[in-house]
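Me: I am new to this structure and would love a close look at one part of it. Could you walk me through the salt bridges, and tell me where their partners sit?

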Amino acid sequence: MNYGLFPFFHFAFLYGLLEAPVMPPNLKVDTVRYKVFISGKSGVGKSALAARLTGLEIPNLHYETTGMETSVVFWPVKLRETGRVLFFHFQLWDCGENVMRRFDHMLPSCKEHVDAILFLFSFTDHGSFEDISNQMSRLTDPSDRVVRLVVGTKFDLFMHTDVTESEIAVFQEVLGAPVFRVGGDVSNGLGEIAPLLNALAENLWHQDCANASYNSPLPSTYPEDTGPEVIV
């Protein structure tokens, strides 16, 4: 992977394998770090989403996550007004549903110092969609300063979908935020995950600006910005 090309690549590594992408010594790029918890019923594709976001191979067979798994994604953004380049360091936390039920300390560990929660449901499991509201009320309070995003998985299995577009539309209207869609076995590559990572970065940056009680330019995330920039 050529780290000199920006922003067409996102940088994803197993936690602890590499602290940060290698950048030219003359280029100063600050890193902002966030903890992201992936929540959802068993079988909705939490581990598959984490693998997809980190550029890893998606397992062919489903298995219940036996503990807590963490992985890291580096996502480059550029502030619109200042042109400042930042690396968003997303530490993804994934924990099996049955494990959280068996061990009381698992859920508090996932929620501790969390900055964002991805609430997952599967388009092939209507029960997982109905459970999203319960998850939100159980894991967050209105006063919590936590970014909440909803992701529908297995969107490519349209022949087996159990959640209608009208239900999604109503849910989005009530939530006031979009529902992101990702596939199961079929991947559209970076074009599929970029909108989710872009939204995660922008919402977290906006939240930090609000918490700091001052106005700051929002990040302009690629590829929606004016075009690629080559760092040499």
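Reply: Happy to! A salt bridge here is a side-chain nitrogen of Lys or Arg within 4 Å of a carboxyl oxygen of Asp or Glu. By this rule, the count in this predicted model comes to three salt bridges.

Let's start with Arg84 and Asp30, whose side chains meet at 2.9 Å, N to O. This pair links distant parts of the chain, 54 residues apart: Arg84 is in the loop between β4 and β5, while Asp30 belongs to strand β3 (residues 30-39). Arg84 is partly exposed, with a relative accessible area of 38%, and Asp30 is also partly exposed, at 26%.

The loop that holds Arg84 joins a hairpin with five residues between its strands, where Gly83 takes a positive phi near 75°. Those strands, β4 (residues 68-79) and β5 (residues 85-95), pair in the antiparallel sense over 11 bridges; in one of them, Val77 has Leu86 of β5 as its bridge partner.

Next come Arg52 and Glu192, with 3.0 Å from N to O. Arg52 lies in helix α1 (residues 46-53) and Glu192 in helix α7 (residues 190-211), so this salt bridge ties together parts 140 residues apart in sequence. Both Arg52 and Glu192 are buried.

That leaves Glu165 and Arg181, which meet at 2.8 Å, N to O. Here helix α6 (residues 165-175) supplies Glu165 and strand β8 (residues 179-181) supplies Arg181, so the parts tied together are 16 residues apart in sequence. Glu165 is partly exposed at 43% relative accessible area, and Arg181 is partly exposed at 26%.

Methods. Residues are numbered from 1 along each chain as its sequence is written. This is a predicted model: local features need pLDDT of at least 70, side-chain atom pairs count only at pLDDT 80 or more; totals for chains, interfaces and linings use all residues. Side-chain values use heavy atoms; hydrogens and water are left out. Two strands pair if DSSP finds at least two bridges between them. Helices (H or I, at least four residues) and strands (E, at least two) are DSSP runs, numbered from the N terminus. Buried means under 20% relative accessible area, exposed over 50%, partly exposed in between (1.4 Å probe, protein chains only).
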